[in-house]
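Open the structure in your viewer and keep the selection tool at hand. Each stop below says what to pick and what is there.

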Amino acid sequence: MGLVGAGFVGPHHVDAVRRLGYVDIVAVAGSSQASAQAKADALHIGKAYGSYEELLNDPGIQVVHNATPNHLHYAVNSAAIAKGKHVVSDKPLAMTAAEAKKLLDQATRAGIVHAVTFNYRGNPLVQQARLAIARGDIGTPTFVHGQYIQDWLLKDTDYSWRLEPDKGGASSALGDIGSHWCDLAQHMSGLRITEVLGEITTTIRTRKKPTGSREAFATDRGGATVDVDIKVEDLASVLVRFDNGAKGAFSVGQVCAGHKNDLQVEVCGSKASMKWKQEEQNELWIGHRDGPNQILQKDPSLLDEAVRGYAHLPGGHQEAWADAFCNLMRDIYGFIAAGKSPTDAHPPTFATFEDGYRANCVVEAILESAKAGAWTRVKY
Ligand SMILES: NC(=O)c1ccc[n+]([C@@H]2O[C@H](COP(=O)([O-])OP(=O)(O)OC[C@H]3O[C@@H](n4cnc5c(N)ncnc54)[C@H](O)[C@@H]3O)[C@@H](O)[C@H]2O)c1
């Protein structure tokens, strides 16, 4: 494995892959030799490269993980595919749906294994809900709703490259975390988003940008700043139509005090409902009309055989974000190590560039809808 970009999430890729026990972490690439070396030292990785191009020339690297800011996703992913490497890209797959499609086509032609880290799929109770819903336990899904709200951009002193369209893309909150909600809602429900009606808002229109660099989730530590106008959304509300006729609604925001990583998806069906909350991820809520509601705890002995393998500890022993991330890596690397072809069936937690492309398409449709003030069909 070689890692490009070791800011907030990159080290979690390393941690998850290390836990597999059979993958060597060969090198890390940063934006300069000095920053790459500092990351290599901190993460105990043998080699440091001052550019991703150098890392891609390393014949010892078979799988490239891309955890750079969004504006570099296309270039790094495309160059890695051109070198015949397998690619694990963080989300969003690209800045635009058109770029994401190009990556999907290039990866397909090259025959490499391609993955996007929609890591919430890796939670055992997400897999349990998906399986139960597909089996018909809640009847026909009619309404899928939820939210993904955070508070780390609440103050005007909070800043991230995600707020700059040339680095984060035309969308901020929707591309950053709305893409997770859309993937998870479709993954759990088994439905596809076909049409959207969005409203987007920029609640903080001027922010204080630090003149030095700052990694994601780092809070204001003083220092010089410059006032900048913000053009992208930090809040969004979306109505959704699904391919089976089901309806949906979700809200996304990074300016909601007290909400740290509050991702929730509920699927209401003709017989029952199921809700998974990221911040209480060891419980699955099952709602009934004619009897008491239930809480299914993450306990391997209570899960279906087919998803039991995603839970690694007995009931009452909490598993969390990093464990779910590791489940993804187990599925992705298991697939690669088994010599499977990208056209073979993928394990469920393993989102591909096709899923990444679809998420880009949904976000673009929401932006288009918000601009037009009208329902907009998602063009896949
Ligand atoms: N799956 C998830 O849950 C999740 C969580 C956080 C971030 N992400 C995604 O991961 C990506 C990175 O986000 P982050 O929060 O870690 O950002 P970050 O700003 O903390 O880290 C990005 C890193 O990339 C480095 N970098 C910049 N230019 C580079 C270059 N040319 N070559 C190599 N490295 C370079 C930066 O120095 C920094 O260390 C984003 O696309 C984001 O959407 C995903």
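Select Val240 and Gly248. Gly248 belongs to strand 12, and it is the bridge partner of Val240. Bear in mind that this model is predicted.

**Strand 11 and its neighbours**

Now widen the selection to strand 11 and strand 12, residues 247-253. These two strands run antiparallel, joined by 7 bridges. Look at the hairpin they form: 4 residues lie between the strands. Pick Gly245 there; Gly245 has a positive phi near 95°.

Go back to strand 11, residues 235-242. Which residues make up its covered face, and which its uncovered one? Colour Ala236, Val238, Val240 and Phe242 for the covered face. Use another colour for Leu235, Ser237, Leu239 and Arg241, on the uncovered face. The general rule fits this picture: side chains in a regular strand alternate between the two faces of the sheet.

Next, add strand 8, residues 193-201. Strand 8 and strand 11 run antiparallel, with 8 bridges joining them. Two pairs are worth a click. Gly198 has Val238 of strand 11 as its bridge partner. Val196 has Val240, also in strand 11.

Stay on Val196 and look for strand 17, residues 376-377. Thr376 of strand 17 stands opposite Val196. Strand 8 and strand 17 pair in the antiparallel sense, over 2 bridges.

**The whole sheet**

Zoom out. How many strands does this open sheet have, and in what order? There are 9, in the order 16-15-14-13-7-12-11-8-17, and the pairing is mixed. Strand 16 (294-297) and strand 17 are the edge strands, each pairing on one side only.

Move along the sheet to strand 13 (residues 262-269) and strand 14 (residues 272-277). They run antiparallel and are joined by 5 bridges. Click Cys268: its bridge partner is Ser273, in strand 14.

**The ligand**

Now select the ligand and show what surrounds it. There are 27 residues around the ligand. Asn70, Lys91, Asn119, Trp161 and Arg162 come nearest. By type, the shell divides into 12 nonpolar, 10 polar and 5 charged residues.

Check three contacts. Start with Asn119: a polar atom of its side chain lies 2.7 Å from a nitrogen atom of the ligand. Go on to Gly7, where a polar backbone atom is 3.3 Å from a ligand oxygen. Finish at His180: an N or O atom in its side chain is 3.4 Å from an oxygen atom of the ligand. How much of the ligand's accessible area does the protein cover? On its own the ligand has 840 Å², and the protein covers 88% of that.

**Lys91 and Pro92**

Return to Lys91, one of the residues that come nearest to the ligand. Look at the peptide bond from Lys91 to Pro92. That bond is cis, with omega near -15°. Pro92 sits in the loop between strand 5 (86-89) and helix 5 (97-110).

**Helix 6**

Select helix 6, residues 124-135. How far apart are its end C-alpha atoms? They are 17 Å apart; the 12 residues, at 1.5 Å a residue, should span 16 Å, so the two values agree.

Look at the start of this helix. A side-chain oxygen of Asn123 reaches to within 2.9 Å of the backbone nitrogen of Leu125. Then shade the buried residues of helix 6, among them Leu125, Val126, Ala129 and Ile133. Just after the helix comes Gly136, with a positive phi of about 95°.

**Two last stops**

Select His44, in the loop between helix 2 (33-43) and strand 3 (47-49). Its phi is near 55°, a positive value in a residue other than glycine. Is His44 buried or exposed? His44 counts as exposed because its relative accessibility is 67%, and the cut-off for exposed is over 50%.

End at Pro210, which lies in strand 9, residues 206-210. Pro210 counts as buried because its relative accessibility is 11%, and buried means under 20%. Then draw a distance from the C-alpha atom of Pro210 to that of Val88. The separation is 31 Å, for residues 122 apart along the chain.

Terms used:
Residues numbered from 1 in each chain as written. Predicted model: local features only at pLDDT ≥ 70, side-chain atom pairs only at ≥ 80, totals over all residues. Heavy atoms only, no water. Near = heavy atom within 4 Å. Polar contact = N/O pair within 3.5 Å; in protein donor to acceptor, adjacent residues only side chain to side chain. Areas by Shrake-Rupley, 256 points an atom, 1.4 Å probe, with all protein chains shown as cover. Nonpolar A, V, L, I, M, F, W, Y, C, P; charged D, E, K, R; others polar. Buried < 20%, exposed > 50% of the residue type's maximum accessible area, 1.4 Å probe, protein only. Pairing = 2+ DSSP bridges. Expected span 1.5 Å × (residues − 1).
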